[in-house]
Structures are given as C-alpha cells and as structure tokens.
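Q: Please take a close look at the buried interior of this model. I would like one connected account, with the terms defined as they come up.

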Amino acid sequence: MEMEFESRYEINRTAEFIISKSFTRIALQFPDELLKESTKVVRALKSKLKEMNAENGRDVRFFVMADTTYGSCCVDEVGALHIDSQCVVHYGQTCLSSTSVLPAFFVFGKASINVASCVKHLLDYMSKSNKPVLILYGLEYAHVIPSIQEELGLSKPESQLKFSVADVLCSFISPSKDPRESMEHPVPSGEDSSSSSRNYRLGGLTWDLPEGSKIEDYLLFWIGSDSSAFANVVLTFNGCDVVRYDAEEDSLVTEFTQQRRILKRRYYLVEKAKDANIIGILVGTLGVAGYLHMIHHMQALISAAGKKSYILAMGRPNPAKLANFPECDVFIYISCAQTALLDSKEFMAPVITPFEANLAFSRGSEWTGAYLMHFQDVIINSSKPEAEAENGSEEEPRFSFFQGGYVEDHNTNDEPENGEEETMALVQAAEKALQLRGKDHNQLAKQTAAKSGPEYFLNRAYRGLEINSDNTTPEPFLVGRSGKASGYKHE
C-alpha cells in the first residue's frame, strides 16, 4: 500500500526535484478531492528527503494550499507568494498553463485503466474506418501510454503509419520572462507550414504530423473522461472524427451531439455580443502568463469598436456576482483554456471568451469554423485593433439578427472623456432617485441603450414610497402587537 501511494503521488521524483533545485519553501497545491491525502503526502516527502540524506532536508518547509480563488487546474501563484514559496507542486488535473512568477512541478496522478481492453476497443473501431489514428489522453493516463504503444506494436514501421501518439509537453514549468513565449497554442487546421512536420500543442499534449497531412485526415481517439480537456479537443478540432474511450466504464463513446451543439450556442453568443455597448472584462486568472497582455488587448479591441469596458476581478464568477453589474451587456472571461467556457444560461448577461470577443468586436471578422481556446492564440492570430480603428473611422451600419435590421454602433471615442461630468451624472442620478413622480409611470419605459456605466445609472430610477398627494387627511394610527415573538401579550 505504501509503495502504491508513493508511486501514485510520485514521492521519489518530487523529492529529487526539490533536492536538485535546493528549494526550502514549497507550496503543495491540492484540488478538493485530493485534500484528504495532503497530510500523508507531506509526511512521505519529509521521510523521503531524510532517506536521501539531503543537507537541507531538515530545513524544508511544506505549505498545503486548497480552495483556490480560480480554477484548481491552474497554479495558484498568488496564494503561494503569500507564504514566500519558492515553487509550487501541483497535484491532480491541470491545464499546464505557463506561470508568471514561480516555477511549478506537476504530479498528474495515475488513474487505473485496462490496457488490453482499451487497445481492443481501438482496433475494433479502426476496422470500420480507413483513417490513421491520433491517440490523445487525459494527463492522468500518461503513465499507461508506453504500455498501449507496446500493445499496438508501434516499434514497427508499418504501425507508425497507422498510429500517432501525443506526448506530454512537460512536467516542470519555469516562469516566462516574455508572456508571449512558452505558450501553448495549437497550429490552426489548414495552415501551411514551411517545416517538414507540423507541431500541435493542446491541453498539455504535443504531437507532430507528417508533411502534407492534415489534422482532419485523422481519427482522434481520446482516452479519459468527459472533462474540460476533452471539450477543448472537440471544439478546437471540430472538423475531425472523435472517439472517446471511457476507462471507468470500459466503453467506447462515439456520440457527441451535446459537444457539437455547444458550437452553435457559442456562435449565438457572438452575434448577441455585437449589440452590446458596455462590456465587462472578467479576470479569471492571476497566474497564467500573459493575462495582463490579454486584458490590454481586449481593452484596445473594445475601444476601437466604439464601446465601453470595465475590468472586474471577483474570483469564480456566478450569476449572483455578475448580477451586481447590470449595466454590462456582455462579459469577457479571461482564464485558462479549461475554465474558459462558462454555461451562462442562468446569467443575466452572456459570458464569452476572448476568441469570441475578437469575432464580435472586429468589423469584418467571420467565423470560419476554427475555434481557439487559449487566449494567447487570440493575440497571435488577431490584427491590431488600433490600426482597424484608424482605417474604419466611418463604418457602414451592420445588420443585427436580434434587432432585425441595420444598426449603427455607438462610438465612445468621439465623446469627450471627462471624469467630472461622469461624476456629476451619478450625483444627479442619486438626487432624482428619491424624488416623487406622477401617476404616469410609462415615461420610464422608453429608455435608450446606455453607452457607459454612469449613463446607465442615470437612466435608472427608484420611486420610493408612493404617497397619494390628493388626500392630505391624516390616517388614524394603529397600535401593534407587543411582547416577544414566542408569545405576544394578547395571546
């Protein structure tokens, strides 16, 4: 049992990593489902460091972190910096996003799987298809990939033509000095490459395809559960045939209508975002490299489209939190790829990704079917919004599917930005809030779309108590009940 525990949490490899880097303050980040094992892991690491006779073994301190502010798949650098940690050891499911400040070491875990049954399901399905197979998997199944390759006989040249297997990108990440370096970004399907092979990176996996071949020519065989990592594969490579092997159920899943329907839903949100005037930028990460660069890029894009933006940092968004900002017509969620897709059906306003925002607010952009999950890819594949703003100062009206006609977008760049005027607008709104109004309340129904936060609050009104001003005769007062709620005096 002890050997199995050390193998599952990779105690030896983690201890060797700590000794090689001479770290003395290490933060151990656990997801909620693994938090119960944290004390055992700490004891095992301390014991292993003593066995290795590490000189600094006695001085090493471990700090357990849980309940992360954002997604548990990302490295919680903010929490680790609060305890002056020198590195973070991350356990469980991860997106392997590049860090900004601290180095990170990843322990993926080792999920159980029947290798023989998995290979049998793969070969049986291959007999129905003449496409070569690309094997992708959740990182928790990375430990069995060598056994699967051996079962398939991939050491033979003829087998290598039929199968391609993705490799784990890395298990250790150093912070990137340039936020645009060391980023995961898949090569968009259909794009030519000058090299002899084309490299793809997605969800912590990397693979190469031979020259002249396309990703659409392959059958994608996913090993793992229906997780957010698998959803990334389905959306990013939506033109490919996908099959999923569920290791827990030992079954093959070939129907993904629900995942395909997500694409239609996302396109609907893009069209709805085009009619938005006020956009909230939700900060969904403080550790993924390049998040600040992405925020500035979104601000420039929104400003070039003649709209107003506000930056909001609130941890994990939910309907109750976003309901506090009713002036926002749409929200852009900047986070890692595995937490970027939010089902905003219960939200008052839709929540979209940076890629969808780039489609909605860039005039003339059309969705070709390609879908980018990593926000770093949006920066690489998008044009500069400043140049678009200069070239398109006088834009023609666009057609709105929701309003059923052509509309002209408001251009906030033409309006003077005066902080005092916006402040006075809020003061005037507060003064009008408690003023009595006449009986004709229909005058409040006709409101134009607000172009900024102060204008939105200026249009809001609170009637307060409605007093019948025609009857000035005082009403007789009534004596209420007295005593305690458990027993009033008259009871």
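A: What follows starts with the chain as a whole, goes on to the nonpolar cores and the enclosed spaces, and ends with single residues.

This is a predicted model, in which local features need a pLDDT of at least 70 and side-chain atom pairs count only at pLDDT 80 or more, while totals for chains, interfaces and linings use all residues. Residues are numbered from 1 along each chain as its sequence is written, and side-chain values use heavy atoms, with hydrogens and water left out.

The protein chain has 16 helices and 21 strands, where helices (H or I, at least four residues) and strands (E, at least two) are DSSP runs numbered from the N terminus. Of its 491 residues, 44% are buried; buried means under 20% relative accessible area, exposed means over 50%, and partly exposed lies in between, with a 1.4 Å probe and protein chains only. Among contacts in the chain with a separation of 6 or more, 70% join residues 24 or more positions apart, a contact being heavy atoms within 4.5 Å.

The largest nonpolar core holds 56 residues, of which Ile113, Ile148, Trp207, Ile215, Leu220, Ile223 and Phe237 touch the most other members. A nonpolar core is here a set of buried Ala, Val, Leu, Ile, Met, Phe, Trp, Tyr and Cys residues joined through side-chain atoms within 4.5 Å. Because domain 1 (1-107) and domain 2 (115-178 + 199-255) both give residues to this core, it lies between them; the domain bounds come from an automatic or database domain assignment. Ile148 touches Val115, Cys118, Val119 and Ile223, when residues up to four places away in sequence are not counted. Apart from this core lies another, of 38 residues, among them Cys74, Ala276, Ile279 and Phe355.

The two domains also share the lining of an open space, since at least three residues from each of domain 1 (1-107) and domain 2 (115-178 + 199-255) belong to the lining of the largest pocket. On a 1 Å grid over the protein atoms alone, a pocket is an open set of points with protein on both sides within 12 Å along at least five of seven lines, a cavity is a set of points where a 1.4 Å probe fits but cannot get out, and lining residues have an atom within 4 Å of a point. Grid points are joined across faces, edges and corners, and a volume is the space filled by probe spheres set on the points. The largest pocket encloses about 620 Å³ and is lined by 30 residues, with Gly92, Gln93, Phe108, Ala111 and Glu140 nearest its centre. Its lining divides into 13 nonpolar, eleven polar and six charged residues, where Ala, Val, Leu, Ile, Met, Phe, Trp, Tyr, Cys and Pro count as nonpolar, Asp, Glu, Lys and Arg as charged, and the others, Gly among them, as polar.

Five cavities of 30 Å³ or more are found in the structure, and the second largest has a volume of about 40 Å³. Leu202, Gly203, Trp222, Ala229, Asn232 and Val233 line this second largest cavity, a set made up of four nonpolar, two polar and no charged residues. Helix H8 (residues 228-236) gives the most to this lining, with three residues. Eight of the nine residues of H8 are buried, so the helix is largely enclosed by the rest of the structure; the buried ones are Ala229, Phe230, Ala231, Asn232, Val233, Val234, Leu235 and Thr236.

Helix H12 (residues 354-361) has eight of its eight residues buried, so it too is largely enclosed by the rest of the structure, and among these residues are Phe355, Glu356 and Phe361. Phe361 is one of the contacts of Ile302, which, leaving aside neighbours within four places in sequence, also touches Ile279, Ile281, Lys307, Lys308, Ser309 and Ile332. Ile302 lies in helix H10 (residues 291-304) and counts as buried at 0% relative accessibility. Ile302 and Ser362 are 60 residues apart in sequence and 8.8 Å apart in space, C-alpha to C-alpha.

A charged residue can also be followed in this way: Glu6, in helix H1 (residues 2-8), counts as buried at 16% relative accessibility. Glu6 is in contact with Ile11 and Lys48, leaving aside its neighbours within four places in sequence.
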